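Biologist: Hi! Could you pull up the model so we can go through it together?
Modeller: Sure, here it comes.

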Amino acid sequence: KIISQGIRKESPAEFFGEFKAAWGAARCQVLKLETLQHYDEPGSPSWKAMMDGDFDKAVELIPECRSVDIPLYYRNKIKKLDFTRCRTIKFPKTDYIKWEMEVYKFNEEFGENIYCCNYDSMDEVFNKFAQNDFMVFDARQAFVHDYDDAGKIIGGWVIRDPIDIQYLISLFGFIRANCQHYSFFLGGGK
């Protein structure tokens, strides 16, 4: 298992503390896989509004809440960095997924490439091979996320072994080959 070779980071702060350097060093591509149907994002007023059942307010607050990432997106654009996200969707879609699709509209405006797949059509892949979310920075470094059952990040693993990173890139490529642009899933698309 890849995580057995990784360096365990026991807290979100320790785990995400590694990301600034990874983004800064990235030259070609960043790949991100998301598999959960809900994430705990208590620092986001938009997420909180969605959780409180005020979807219109949640959507209205997205630009304000996501503005913190605009400098990163601009640096990616200057470096001509390919940032591609793939995510699984289980049907019926959760309120979180519906909200996240609105967030993706913002992210796409700033250059992120976002694709989704129907979880049920590839459940064996996610049950056996892609059991955790992960991000790969070029072919030099990867991060495997560790979430609790409520979708709250509790830490993760830093992966630096080239063979393990190549495996994650190949796994991501297989998943990406079975995805469609996220806009296909905005309505009821499967």
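Biologist: Which residue in β7 is the bridge partner of A142?
Modeller: That's I159. Keep in mind that this is a predicted model.

Biologist: Okay, and how many bridges join β6 to β7?
Modeller: Six bridges link β6 with β7, and the two strands run antiparallel. They form a hairpin, with five residues between them.

Biologist: Anything to look at in the turn? What is the phi of G151?
Modeller: G151 has a positive phi of about 85 degrees.

Biologist: What about β1, how does it run relative to β7, parallel or antiparallel?
Modeller: Antiparallel: three bridges join β1, residues 7–9, to β7. In that pairing, I7 stands opposite V158.

Biologist: And is β7 mostly covered or uncovered?
Modeller: Mostly covered. Of the seven residues in β7 (153–159), six are buried.

Biologist: Switching to pockets! What volume does the largest pocket have?
Modeller: About 940 Å³. Its lining has 34 residues, and F16, K32, E41, R66 and D69 lie nearest the centre.

Biologist: Which element gives the largest share of that lining?
Modeller: α6 does, with six residues. β6, from our hairpin, also supplies at least two. By class, the lining of this pocket has 19 nonpolar, six polar and nine charged residues.

Biologist: And the second largest pocket, which residues lie nearest its centre?
Modeller: T35, L36, Q131, N132 and D133, out of 18 lining residues. The volume of the second largest pocket is about 260 Å³. α7 and β6 each supply at least two residues of its lining.

Notes. Residues numbered from 1 in each chain as written. Predicted model: local features only at pLDDT ≥ 70, side-chain atom pairs only at ≥ 80, totals over all residues. Heavy atoms only, no water. 1 Å grid on protein atoms, 1.4 Å probe; cavity = no way out; pocket = protein on both sides within 12 Å on 5 of 7 lines; lining within 4 Å. Points joined across faces, edges and corners; volume = space filled by probe spheres on them. Helix = DSSP H or I, 4+ residues; strand = E, 2+ residues; numbered from the N terminus. Nonpolar A, V, L, I, M, F, W, Y, C, P; charged D, E, K, R; others polar. Buried < 20%, exposed > 50% of the residue type's maximum accessible area, 1.4 Å probe, protein only. Pairing = 2+ DSSP bridges.
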